[in-house]
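Let's walk through this structure together, one stop at a time. Keep the sequence and the 3D view open beside you as you read.

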Amino acid sequence: MPAMNSTKNRNYYLHTLVYLMLTFGIGYLPAFGQVTPMGMKIVGIFIGVIYGWIFIELIWPSIFSMIALALMGYDSIAAIFTAGFSYYLVPILIMCYLISYIFERSKASEYVASWLVSRKILIGKPFVLAFIILFASQCLGILGGGFAGIFIMWGMVTSLAKEIGYDRSNGYICFLMATIVPAVIFGDMILPFKAGPVMYNGFFTNATGLTVNMGKFFVFQMIFVTLFLAACVLVLKFVLRPEVGQLQTTDDRFGYLRNQTMTKDQKIGFAFLIGYIGLLIAPSILPKTFFLTKLISSMGGVLGVTAFMVILGAVLRKSDGSSFCDIQKASDGISWSVIWLIIATIPLTSALQNNEYGIMPTIMGFLTPLLGEMNPTLFCICCMILMALITQVVHNLILAIVFIPIFCNMSISMGGNPYVCYIMIYWALTLAFSTPAASMNAAIMHGNEW
């Protein structure tokens, strides 16, 4: 074990050395295209931090990239940190993590999953059962189940497999175990106030100045994910054709779940979720002059509504007397690596996009001859395919930071619809499951022995 740790530490310090060499070394290389000497220094910091994010970790390379910007003379350290911390996504993300804690504490997601898979209509219908299992997984993602939702549904499927005598070699079971992961993750990407959509929509707004309509976003995402899961089941039934004979019997496999009743805490948690969604989409469907629309607008939209619901969760008490949202405990669930990544990318992307340093004009000059002659529809398709392939080996959040501004603005310049371009890139970057290195979620999926 000591020898293994020694090797691990040696590799860590080697990656750190490479990170520092990239960060400070590239800036001394000859400039190219329209890139200025300061632009080369910014490119070095950007390439270095991407290397750090991939091979080291997210937090300290993010912080150091801001220090490096100051050391290279881009701006003062105070101005750089202020720009990062004052970005509107930072408080929204923190509040979104607190909201997810409330849903998790209520355990409403567990009841929804149990209710869905225990319906009598599923008896003897293996492929309908497969869709319901995936749809239940999607619902768990919507309700904030996260990784817990994955393991809940995995437990149900493995219990089913053992009960009917299927082992890990059965294609039906293997397919479900794999597809449950994206189903839960996609569910988490449906609600516009969740951390993922908040970040991606923020990148789009920051790059184009356009805003995403929350009501339309929710409806489209819900339809898209549901149809995607239905398509997966059709592939299972007509292409893979696994052995499902044991599931075509009339045995009531999940009957024991049918008599479960929703607890008071679960009812409150479910009502909390519905109320929260309603408040967020209300401005999209109610008249602008309606009092609720005005109230939500005066609260500042997503941030104000989310902060209010967090306070409501802190005020409400569970059956055991504890708070639905103990803010101190809920803070432990905040992904600070994501928060610091966002803080660091704001001053860095501002530097990259500043025409004074010639970086973006040089990139656009390179991409325009390759993609600029396409019609807008073909351009969007090529962007989607390119992102879907690259995201299998590079972190999707990094790709979103780099390419959403580039491709969406190119779409606008070509006369295309930037919303279409954005949503295609959005889902291409979400499909990071093909290799264990594609994402943390993919690593969890590929690491399951089933």
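Helices here are DSSP runs of H or I with at least four residues, numbered from the N terminus. With that in hand, please remember that what you are looking at is a predicted model.

A good place to begin is T430, which sits in helix α20, a helix covering residues 418-430. Is T430 buried or exposed? T430 has a relative accessible area of 7%, and because buried means under 20%, T430 counts as buried. Its side chain reaches the backbone oxygen of Y426 at 2.7 Å. Once neighbours within four places in sequence are set aside, T430 is in contact with F186 and M189. Of the partners just named, F186 falls in helix α9, which runs over residues 171-188.

Helix α9 also takes part in a packing worth a closer look. Two packed helices are described by the angle between their axes and the distance between the axes. For α7 (residues 126-142) and α9, the angle is about 30° and the axes are 7 Å apart, which makes α7 roughly parallel to α9. The crossing of the two is right-handed. On the α7 side, the residues that meet α9 are P126, L129, A130, I133, L134, S137, Q138, G141 and I142; on the α9 side, they are Y172, L176, T179, I180, A183, V184, G187 and D188. Sorted by class, this contact has 11 nonpolar, five polar and one charged residues.

Staying on α7, have a look at F131, which is found in this helix. F131 has a relative accessibility of 24% and counts as partly exposed. Which residues does F131 touch, apart from those up to four places away in sequence? They are T226, L229, A230 and V233, and these residue numbers fall within helix α11, which spans 214-240. To get a sense of distance, trace from F131 to L98: the two are 33 residues apart in sequence, and their C-alpha atoms are 31 Å apart in space.

Now follow the chain to the loops on either side of α11. G209 is placed in the loop between α10 (195-208) and α11. With 58% relative accessibility, G209 counts as exposed. From G209 to I285 there are 76 residues along the chain, and the C-alpha atoms of the pair are separated by 22 Å. On the other side, R241 is found in the loop between α11 and α12 (264-285). R241 is exposed too, with a relative accessible area of 63%. What is notable about its backbone? Most residues other than glycine have a negative phi. R241 is not a glycine, yet it has a positive phi of about 50°.

Another loop to visit is the one between α8 (146-164) and α9, where D167 lies. D167 is partly exposed, with a relative accessible area of 44%. Its side chain is joined to that of S169 by a polar contact of 2.5 Å. Looking across the model, D167 and T368 are 201 residues apart in sequence and 52 Å apart in space, C-alpha to C-alpha.

Next, turn to helix α16, which covers residues 336-353 and comes within 10 Å of α5 (residues 89-106), axis to axis. The axes of α5 and α16 cross at roughly 170°, so α5 is roughly antiparallel to α16. From α5, the contact is made by L89, V90, L93, I94 and Y97, and from α16 by W336, V338, I339, I342 and I343. What classes of residue make up this contact of α5 with α16? They divide into 10 nonpolar, no polar and no charged.

Helix α4 (residues 77-85) also packs with α16, at an angle of about 120° and with the axes 7 Å apart. The two are therefore oblique to each other, and α4 passes α16 in a right-handed crossing. Here I80, F81, A83, G84 and F85 of α4 make the contact with W340, I343, I346 and P347 of α16. These residues divide into eight nonpolar, one polar and no charged.

Our last stop is T16, placed in helix α1 (residues 2-25). T16 counts as buried, at 13% relative accessibility. Leaving out residues up to four places away in sequence, T16 touches I56 and W60.

How values were computed: Residues are numbered from 1 along each chain as its sequence is written. This is a predicted model: local features need pLDDT of at least 70, side-chain atom pairs count only at pLDDT 80 or more; totals for chains, interfaces and linings use all residues. Side-chain values use heavy atoms; hydrogens and water are left out. Buried means under 20% relative accessible area, exposed over 50%, partly exposed in between (1.4 Å probe, protein chains only). A polar contact is a pair of N or O atoms within 3.5 Å; within protein, one must be able to donate a hydrogen and the other to accept it, and residues adjacent in sequence count only if both atoms are side-chain atoms. Contact means heavy atoms within 4.5 Å. Axes are lines fitted to C-alpha atoms, for helices over the stretch in contact, and angles run from 0 to 180 degrees between N-to-C directions. Angles under 35 degrees count as roughly parallel, over 145 as roughly antiparallel, 65 to 115 as roughly perpendicular and the rest as oblique. A crossing is left-handed if the near helix is turned anticlockwise from the far one by less than a right angle, and right-handed if clockwise. Ala, Val, Leu, Ile, Met, Phe, Trp, Tyr, Cys and Pro count as nonpolar, Asp, Glu, Lys and Arg as charged, and the others, Gly among them, as polar.
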